[in-house]
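Here are some short exercises to work through with the model open beside you. Try each task yourself before reading the solution.

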Amino acid sequence: KGPRSLLHLKRTFFEAVKRAIALGEFRPPDKTVIVPQNDDLWFTSFDVVKEPKNNAVIFFERDVSGSVGEEERKVISYLCDLCEFWLAQNYDRLEKVYIIHDDQAARVSREEFFTVDWGGGTTCSVALAKTHEIIDVEFPVSQWNIYVVYLSDGFNWSSDNEIFLNLLSEKIFPIVNQFNYAQIAIHRPWWPAYDKSGAKTFSSPGTLGQEILKRFPNVENLAYAEVATGN
């Protein structure tokens, strides 16, 4: 059914011919007059065409040094699932990249991301450098919406904090939709003794997050969260 202005003439006539042949009403050259009936009518209509949204890629990054243990990995897994679920609802195509680091960074599989422990020192800036390298080669900014989720317990080599902040400012913020920093807050009974030892090379727990907030108080594409494990 439909308005006569949308009548599909070719399809309507084709249906009328099929009906006439089936009923024996069309037998050339004797019977050649075909009059379409209501059941023969076809009308043009609209089609729903889904317009694909822009592609999105999410970089999951985490510290796999000796300070990150089983409890932190459980929290990290939960947070990654939440981020991935939200983005998957908003983009038709979502690519995932997993990066782990201690004082070196590497791209790994999803399974390795949640299970690997390297146990070395902590140089957080190498994760950002690896992210920028991969984006530059595989994910042109003009074609991708880029999200980064960096998960840390807040430890870092003291000398690396400034390098990390400069990379954020110069290389990451200008090209990503959002940089998300999640700091896993967990009690470490051994820290006070280490802190007083006089030989520490790490910044205090949580220092990296504090430095990010202090340096970038009004950056729109920065999201920060401190996640307590309850211990």
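## Exercise 1: A helix on the sheet

Helix 7, made of residues 207-215, lies across strand 4, strand 5 and strand 6, and it runs at about 145° to strand 5. Keep in mind that this is a predicted model.

**Task.** Work out in what order the strands of the open sheet are arranged, and which strands are its edges.

**Solution.**
1. Start by walking across the sheet: its six strands come in the order 3-2-1-4-5-6.
2. Next, look for strands that pair on one side only; these are strand 3 and strand 6, the edge strands.
3. Now check the twist: ignoring direction, neighbouring strands are turned by 20° against each other on average.
4. Finally, look at the pairing, which is mixed for this sheet.

## Exercise 2: Two pairs of strands

**Task.** Decide in which sense strand 2 pairs with strand 3, and in which sense strand 4 runs next to strand 5.

**Solution.**
1. Find strand 2 (residues 94-101) and strand 3 (residues 105-108): they pair in the antiparallel sense, over four bridges.
2. Follow the chain from strand 2 to strand 3, and you pass through a hairpin of three residues.
3. Pick out one facing pair here: Y98 stands opposite V108 in strand 3.
4. Move on to strand 4 and strand 5, which run parallel and are joined by six bridges.
5. For a facing pair there, take V149, which stands opposite N180 in strand 5.

## Exercise 3: The largest pocket

**Task.** Describe the largest pocket: how much space lies in it, and what lines it?

**Solution.**
1. Begin with the volume, which is about 280 Å³.
2. Then look at the lining: there are 17 residues, and C83, V149, Q178, N180 and A223 lie nearest the centre.
3. Ask which elements contribute: helix 2 (70-90), strand 4 (144-152), strand 5 (178-185) and strand 6 (222-228) each give at least two lining residues.
4. Helix 2 has the largest share, with five residues.
5. Sort the lining by class, and you get 15 nonpolar residues, two polar ones and no charged ones.

## Exercise 4: One glutamate

**Task.** Is E15 buried or exposed?

**Solution.**
1. Locate E15 in helix 1, which spans residues 9-23.
2. Read off its relative accessible area, which is 14%.
3. Compare that with the cut-off: buried means under 20%.
4. So E15 counts as buried.
5. To see its surroundings, leave out residues up to four places away in sequence; E15 then touches D40 and W42.

Methods
Residues are numbered from 1 along each chain as its sequence is written. This is a predicted model: local features need pLDDT of at least 70, side-chain atom pairs count only at pLDDT 80 or more; totals for chains, interfaces and linings use all residues. Side-chain values use heavy atoms; hydrogens and water are left out. Two strands pair if DSSP finds at least two bridges between them. On a 1 Å grid over the protein atoms alone, a cavity is a set of points where a 1.4 Å probe fits but cannot get out, and a pocket is an open set with protein on both sides within 12 Å along at least five of seven lines; lining residues have an atom within 4 Å of a point. Grid points are joined across faces, edges and corners, and a volume is the space filled by probe spheres set on the points. Ala, Val, Leu, Ile, Met, Phe, Trp, Tyr, Cys and Pro count as nonpolar, Asp, Glu, Lys and Arg as charged, and the others, Gly among them, as polar. Axes are lines fitted to C-alpha atoms, for helices over the stretch in contact, and angles run from 0 to 180 degrees between N-to-C directions. Contact means heavy atoms within 4.5 Å. Buried means under 20% relative accessible area, exposed over 50%, partly exposed in between (1.4 Å probe, protein chains only).
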